[in-house]
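Got your viewer open and your selection tool ready? Let's walk through a ligand site and then a couple of helix pairs.

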Amino acid sequence: MREYLGGKGTGLVQMTHAGFPVPPGLIITTKACNEYAKNQFQLPSGLLEQVFEKLTTIEKETNKKLGDKTKPLLVSVRSGAKFSMPGMMDTVLNLGLNDETVLALSKATSNESFALDCYRRFIQMFGNVVLGIQKGIFEAILEESNTNGPAKIIAKFKETIKEKTKKEFPQDVKNQLELAIEAVFKSWNNPRAKYYRKLNKIQDDLGTAVNIQTMVFGNMGNGSATGVAFTRNPSTGEDEVYGEYLINAQGEDVVAGIRTPKKITEMKKELPEAYKQLLECIKKLELFYKDMQDTEFTIEQNKLWLLQTRAAKRTAQAAVKAAVDMTNTKIISKEDAIRRIDPLSLNQFLLKSFDPQSKKQAEDENKLLAIGLNASPGAACGKIIFSPDESEILSQNGEKIILVRVETCPDDIHGIVPAVGVLTSRGGMTSHAAVVARGMGKPCVVGCETLKIDLNKETASVNGRTLKKGELISIDGSSGQVFLGEIKTKEPKISNELKILLSWTDEFKQLGIRANADTPIDAKVAIEFGAKGIGLCRTEHMFMQQDRLPWIQKMIMATSQVEREEALTNLLPFQKQDFKEIFKVMSGLPVTIRLLDPPLHEFLPKFDELAIKVSELKYKSLDSTKEEKLLHRVKALHEANPMMGLRGCRLGISYPEINKMQVQAIFEAACELELAGTKTNVEIMIPLICETKELKLVKDMLEKVAKETMEKYKINIDYKFGTMIEVPRAALTAYEIAEHAEFFSFGTNDLTQMTFAFSRDDAEATFLSKYLDEKILTENPFEVLDESGVGKLMKIAVQEGKKRRPELKIGICGEHGGEPKSISYAHKIGLDYVSCSPFRVPIARLAAAQACLKVKERDV
Ligand code: PEP
Ligand code: MG
């Protein structure tokens with residue numbers, strides 16, 4: 001249903017069938033929207049006739065008629081796509097009013113001010129959405145005419161419309177409806193909707209449905225209201241009714257953040273009967289959908305109506321807590337809970353918070369400026385910027401920006417996305433800024449009313465202080481606090497509920513999860529997040545530290561083997577100590593250590609910098625012998641294509657003593673620990689193999705070192721030799737390679753680079769975005785594994801490798817090892833494990849369980 005009726009339409013149909021109070025309406029399908037676009041923006045033939053015919057059913061049911069001069073029917077015309085795109089497309093409310101029907105409405109309700117309020121709203125919304133007149137023009141008239149009655153405002157609105165469109169405001173209600181339907185269709189392709197789809201990877205060809213529904217009125221006086229209710233807290237997941245409402249208002253007022261609404265719990269006193277109905281309804285809705293709901297409602301003279309329900313947008317923290325709580329109360333199963341969480345959203349658990357000491361200091365220094373609503377958790381510090389355009393530009397230059405606005409609207413999205421946080425002076429928890437920021441996991445404080453923003457002067461004043469553009473502020477989206485200046489932030493911790501959910505994943509997943517870790521600290525984080533080993537320890541990172549770099553440089557500069565070995569002897573204790581610490585942290589879990597991989601010039605200064613230095617020294621007549629020697633070596637190491645040059649196992653073959661030192665360090669560390677009673681599980685991995693003889697040569701040489709070291713310590717330890725598969729030829733000749741390898745690990749970064757012939761260092765900056773825009777590629781292959789090319793090579797390697805050695809252990813350690821779709825593919829082709837950055841381990845655990853459940857579902 002969702003595909004044709006959209007999310008909103010489907011919800012309305014389901015609620016109507018289940019007996020919830022929903023105003024009657026009809027839905028035009030997404031198919032009609034797509035036809036409309038295909039037909040050069042002509043409505044499909046027969047569509048209007050059908051709409052008017054179906055409308056008669058509604059007219060009968062409501063005993064009102066569109067355009068009737070005594071009992072006029074008013075409708076809302078609202079967009080609604082398959083996937084929720086909050087606020088991105090258009091809506092028209094109160095349609096059906098004209099100079100005559102407004103009088104009828106006034107008479108029928110005996111409420112002239114209400115009727116005029118509806119007419120004023122309708123002209124304003126229609127003028128903006130359908131006739132394309134800027135919102136600000138109407139808002140300025142409203143502000144100027146503050147003391148004028150609604151009739152005068154209506155007259156001024158109509159005048160403005162005539163002036164701008166050279167036509168009268170349309171009085172024919174059927175024509176109003178036709179134009180509104182077209183406007184909703186067109187809004188599928190407005191720039192902000194397109195931007196939102198791109199951001200959320202929603203297909204462009206889905207189209208929107210149009211919901212035409214009888215109006216119910218929250219602006220009928222003090223017994224009427226409109227609002228939004230969540231069945232649970234969307235920030236924390238707490239099982240408590242949550243939301244807000246406005247008395248005597250229409251839905252748009254809440255979403256637009258024009259008035260700051262009241263907390264839903266206050267409704268208990270203000271509208272007790274309707275509040276009771278509302279609580280009953282939303283709890284039933286949650287059980288009906290077995291998911292947390294976000295429900296829009298209107299109360300018309302104490303009668304409750306539901307206008308929309310959808311799965312609530314929530315923070316990852318809330319999603320996990322709600323899923324675990326619902327499983328514990330048997331509303332859903334563990335499988336449902338696992339399926340329900342977007343693995344990538346777990347990044348939100350890694351949101352920062354203020355460092356308590358730094359925060360205390362800011363409080364003591366009286367730097368707390370204001371407290372707004374805590375709309376989206378996480379702490380952020382950045383420069384105040386008032387314009388979304390400027391936020392976009394400055395963020396591109398690496399600046400940290402807090403976007404400060406009176407309120408945000410969908411057009412601001414390009415400034416919200418790159419900002420580190422958002423602060424608004426108006427609006428509630430369901431205002432645009434709040435909803436959008438929550439969806440992105442971005443810290444956000446809204447409704448900070450003490451903040452007076454002057455967009456022209458680009459200042460914000462609060463309690464006598466004036467903040468200028470560019471000044472630093474810190475916001476805490478968890479508490480709503482806004483501070484002057486910088487507060488240090490601290491790293492996050494994962495919640496108990498997430499620990500529970502992740503423990504459930506172990507019951508379902510088949511893939512093992514390891515981490516890419518080069519230091520004991522990384523290894524500790526990996527263990528804390530549940531990694532069951534290290535799948536890639538890049539030993540070159542151990543050489544980059546300050547105390548080691550001079551020795552590796554000496555080793556590279558050596559002109560003889562003796563000189564080289566001397567430098568390596570000095571590096572050995574560093575390596576050994578690193579390995580020892582990592583083995584200790586991993587206590588018996590497998591640790592895959594990759595021998596030196598990058599081209600050696602990466603350890604030396606850049607050629608250009610050196611050349612300048614030499615010229616400078618010479619110009620000043622200073623001694624440049626050392627620099628010249630270095631320059632000479634850098635020049636000698638220069639290769640046209642270094643990523644295809646002297647690196648990986650080719651280094652080990654050209655300079656065997658480097659690998660020998662590394663293996664000696666590994667085995668000395670392991671033997672000493674084993675002798676002291678600590679378990680080790682050593683896996684030595686040779687990079688960039690493309691021919692099995694390379695592997696045999698290196699392995700034979702290194703096994704000798706391993707044996708000699710073990711003999712020296714008089715102990716035997718278990719170890720494995722394996723290889724990375726990161727060159728297409730290696731994948732294709734996996735049968736031969738498996739003869740000498742006990743494990744394979746796909747280096748999908750290099751394998752992608754070499755399969756596509758796309759440089760992993762430059763492609764993203766040069767042509768890849770064009771490829772994505774032109775849809776030559778649907779995903780960046782360095783992020784999401786390319787199944788049809790790279791994946792096919794992997795599949796061949798798995799089949800061939802296992803043919804030669806059935807017990808061959810196979811994993812993946814490129815960046816794709818932490819990406820959910822790629823993990824699903826790894827499961828599909830029968831890999832044993834994936835390895836990813838320690839912070840991605842929770843994502844990988846969840847994605848691996850989901851991959852398994854997906855396969856099970858297909859089997860059923
Ligand atoms: C790879 O190529 O995928 C890999 C893991 O190695 P690196 O990124 O260090 O080249
Ligand atoms: Mg590699």
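How far does a polar side-chain atom of R760 lie from an oxygen atom of ligand 1? Select both and check: the distance is 2.7 Å. Keep in mind along the way that this is a predicted model.

**Stop 1: around ligand 1**

Stay with the ligand and add R594, where an N or O atom of the side chain is 2.9 Å from an oxygen atom of ligand 1. Next pick E726, which has a polar side-chain atom 3.0 Å from an oxygen atom of ligand 1. Now switch on a surface: ligand 1 on its own has 290 Å² of accessible area, and the protein covers 95% of that.

Widen the selection to the whole shell. There are 13 residues around the ligand, and R538, R594, G747, N749 and R760 come nearest. Colour the shell by class and you get six charged, four polar and three nonpolar residues.

Which elements each supply at least two residues of this shell? Show β26 (534-538) and α31 (748-756) to see them. The largest share comes from α31, with three residues.

**Stop 2: α4 and α5**

Jump to residues 101-109 for helix α4 and to 112-129 for helix α5. Their axes come within 8 Å and cross at roughly 145°, and the crossing is right-handed. To see what touches, show side chains for V102, L105, S106 and T109 on α4. On the α5 side, pick E112, F114, A115, L116, C118 and Y119. By class, this contact has seven nonpolar residues, two polar ones and one charged.

**Stop 3: α34 and α35**

Last, select 787-804, helix α34, together with 820-828, helix α35. Here the axes are 11 Å apart and the packing angle is about 35°. The crossing of α34 and α35 is right-handed. Which residues make the contact? From α34, light up E787, G791, K792 and K795; from α35, add K821, Y825 and K828. Colour them by class as well: five are charged, one is polar and one is nonpolar.

Definitions and conventions
Residues numbered from 1 in each chain as written. Chains lettered and ligands numbered in written order. Predicted model: local features only at pLDDT ≥ 70, side-chain atom pairs only at ≥ 80, totals over all residues. Heavy atoms only, no water. Axes fitted to C-alpha atoms, helices over the stretch in contact; angles between N-to-C directions. Helix = DSSP H or I, 4+ residues; strand = E, 2+ residues; numbered from the N terminus. Left-handed = near helix turned anticlockwise from the far one by under 90°. Contact = heavy atoms within 4.5 Å. Nonpolar A, V, L, I, M, F, W, Y, C, P; charged D, E, K, R; others polar. Near = heavy atom within 4 Å. Polar contact = N/O pair within 3.5 Å; in protein donor to acceptor, adjacent residues only side chain to side chain. Areas by Shrake-Rupley, 256 points an atom, 1.4 Å probe, with all protein chains shown as cover.
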